[in-house]
Amino acid sequence: MSTANKSALFQKLPSTDELLRQPDMQALIECEGHSAVAESIRVVLARLRQEIGNGELDEKSLDLALGGLFAVVERQLRQSLGYSLLPLINATGVILHTNLGRAPLAVAALDHVCATASAYSNLEFDLATGERGRRDVHVDRLFRKLLDDDLLDARSPAAISTIVVNNNAAAVLLALNSLAEGGEVIVSRGELVEIGGSFRIPDVMSKSNATLREVGTTNRTRLADYETAINDRSRVLLRVHRSNFEITGFTEQAGLGEMVALARRRNLPLMEDLGSGALVDLHSVGIDGEPGVLDSLRAGVDIVTYSGDKLLGGPQAGLISGRADLVARMRSNSLFRALRVDKLTYAALEATLLAYVKRDHDAVPVLRMMRLSKDEIGRRAETLVAKVQTGQAKLAKLTMALCDGESVIGGGAAPSAVLPTRLIALTHIGLSADELSARLRANAPPVIARVEEGRVLLDLRTVFPEQDAPLTTVLASLT
Ligand SMILES: *Cc1c(COP(=O)(O)O)cnc(C)c1O
């Protein structure tokens with residue numbers, strides 16, 4: 001399109017002021033305020049200007065767009081005044097879905113956040129003395145109960161302490177900086193991992209001002225490799241849980257027990273980045289090879305770091321549990337002040353930990369989801385499909401079939417662990433699998449599904465029972 005034609009189109013665009021004076025815009029201003037409406041008009045006009053500039057509009061299509069301008073401004077306004085962060089239905093069967101907010105919180109955690117954050121609280125106030133208190137006492141006492149164990153033989157429970165920072169990446173940074181700044185950290189080449197969202201052990205190490213001392217090879221690291229690397233600059237022996245991948249085949253890894261013995265012999269702290277760090281034994285739900293926090297402490301690891309919103313099922317947080325003298329060094333590091341968490345996190349974490357103390361594991365959504373049996377999920381799926389099919393025409397466009405499948409833990413935990421489940425497989429006469437899944441995403445609330453081999457798969461393991469009804473409604477609308 002010529003420049004002359006384009007400028008003719010630009011001339012047709014009304015000004016913001018002209019639009020603001022229109023009667024229907026006036027009505028909108030009454031409800032939503034002048035500045036919000038003016039802002040939406042500006043956004044819509046700017047979009048039209050851009051489309052003209054790109055040659056995407058001719059005279060006819062511009063006239064059409066101008067005719068429907070009010071509706072477009074109104075939609076823009078609703079969008080700009082609405083939330084961007086939305087609750088949704090996770091039908092992927094990935095329990096700790098990093099892109100979908102990892103662990104949903106327990107009801108008790110939400111209640112406790114609400115109660116303590118909508119009023120003042122004793123966050124850093126000692127009610128007994130009336131003096132300044134410490135924010136970590138609220139959860140440290142519960143961690144002591146949970147990690148207090150007769151098997152932690154040589155140590156009294158009071159010798160284990162826990163602090164909370166923003167996330168596990170921050171926990172690793174703070175721990176390494178406190179224990180190894182200016183010195184060396186010995187780690188196996190098979191454990192120099194990258195976790196999603198650009199957490200790379202070597203990068204965190206350099207930010208902590210510790211020098212990485214790599215030992216062994218990608219697939220094999222023996223105890224002797226650690227031992228020969230120890231020198232007078234060594235500060236920490238580090239183990240990193242391979243939380244999102246596995247090395248199989250010709251492999252060797254130093255055992256935890258022998259590493260503990262080596263660390264004691266050479267008087268170096270042994271630190272383990274567990275990543276997920278379960279607080280309950282997961283063997284009962286069929287998940288093997290996912291080390292628990294207690295397993296590591298029992299084995300004699302001095303410091304463990306783990307996330308609050310992975311297998312623990314609480315808020316985003318990084319937890320550092322271990323020898324009280326080492327944790328005290330981290331608490332007095334000025335980095336701790338920069339990485340500490342707010343009252344919302346403490347409240348959600350305290351309530352989540354209390355559920356563990358009371359052994360009320362079903363109160364923690366991720367634990368409940370892990371414990372759901374394939375039969376329970378299958379029964380719910382059958383009920384849901386039957387409900388959608390009532391009222392469905394004989395020649396329905398949407399076909400639903402039940403089939404066996406697998407749910408995964410996700411979130412960088414138990415990379416090979418899967419849980420047997422029943423899936424609802426959807427196909428549609430008029431829509432491809434990608435189109436169908438896009439339609440589900442466009443729903444309010446959005447439904448996120450898996451697409452595999454031309455089918456859309458729904459796994460109710462990660463769908464809350466109260467979400468079955470809105471899920472039924474959206475499926476019924478596609479028949
Ligand atoms: C997930 C994970 C991290 C990062 O934890 P965030 O809480 O996401 O910061 C670090 N190390 C390991 C081994 C992990 O699995």
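**Exercise 1. Find the loop that holds Arg-102, then say what its phi looks like.**

Step 1: Arg-102 sits in the loop between strand E1 (89–90) and helix H7 (107–117); helices (H or I, at least four residues) and strands (E, at least two) are DSSP runs, numbered from the N terminus.
Step 2: Its phi is positive, about 50°, though Arg-102 is no glycine. Most residues other than glycine have a negative phi.

A quick note on what you're working with: this is a predicted model, where local features need pLDDT of at least 70, side-chain atom pairs count only at pLDDT 80 or more, and totals for chains, interfaces and linings use all residues. Residues are numbered from 1 along each chain as its sequence is written, and side-chain values use heavy atoms, with hydrogens and water left out.

**Exercise 2. Describe how the protein surrounds the ligand.**

Step 1: Start with the shell. Of the 13 residues around the ligand (a heavy atom within 4 Å), Arg-102, Ser-243, Asp-273, Ser-307 and Lys-310 come nearest.
Step 2: See where the shell comes from. Helix H9 (168–180) and strand E12 (270–275) each give at least two residues to it.
Step 3: Check the polar contacts (N or O pairs within 3.5 Å). The side chain of Ser-307 has an N or O atom 2.8 Å from a ligand oxygen. A backbone N or O atom of Ala-169 is 2.9 Å from an oxygen of the ligand, and for a polar backbone atom of Asn-168 the distance to a ligand oxygen is 3.0 Å.
Step 4: Look at cover. On its own the ligand has 380 Å² of accessible area, and the protein covers 94% of that (Shrake-Rupley, 1.4 Å probe).

**Exercise 3. Which parts does the salt bridge between Glu-124 and Arg-340 tie together?**

Step 1: Get the distance. The closest N and O atoms of Glu-124 and Arg-340 are 3.5 Å apart, which fits the salt-bridge rule (a side-chain nitrogen of Lys or Arg within 4 Å of a carboxyl oxygen of Asp or Glu).
Step 2: Place the ends. Glu-124 is in the loop between H7 and strand E2 (125–126), and Arg-340 in the loop between helix H15 (334–339) and helix H16 (343–357), so the pair ties together parts 216 residues apart in sequence.
Step 3: Add exposure. Glu-124 is partly exposed, at 23% relative accessible area, and Arg-340 is partly exposed too, at 29% (buried is under 20%, exposed over 50%, partly exposed in between; 1.4 Å probe, protein chains only).

Conventions. A polar contact is a pair of N or O atoms within 3.5 Å; within protein, one must be able to donate a hydrogen and the other to accept it, and residues adjacent in sequence count only if both atoms are side-chain atoms.
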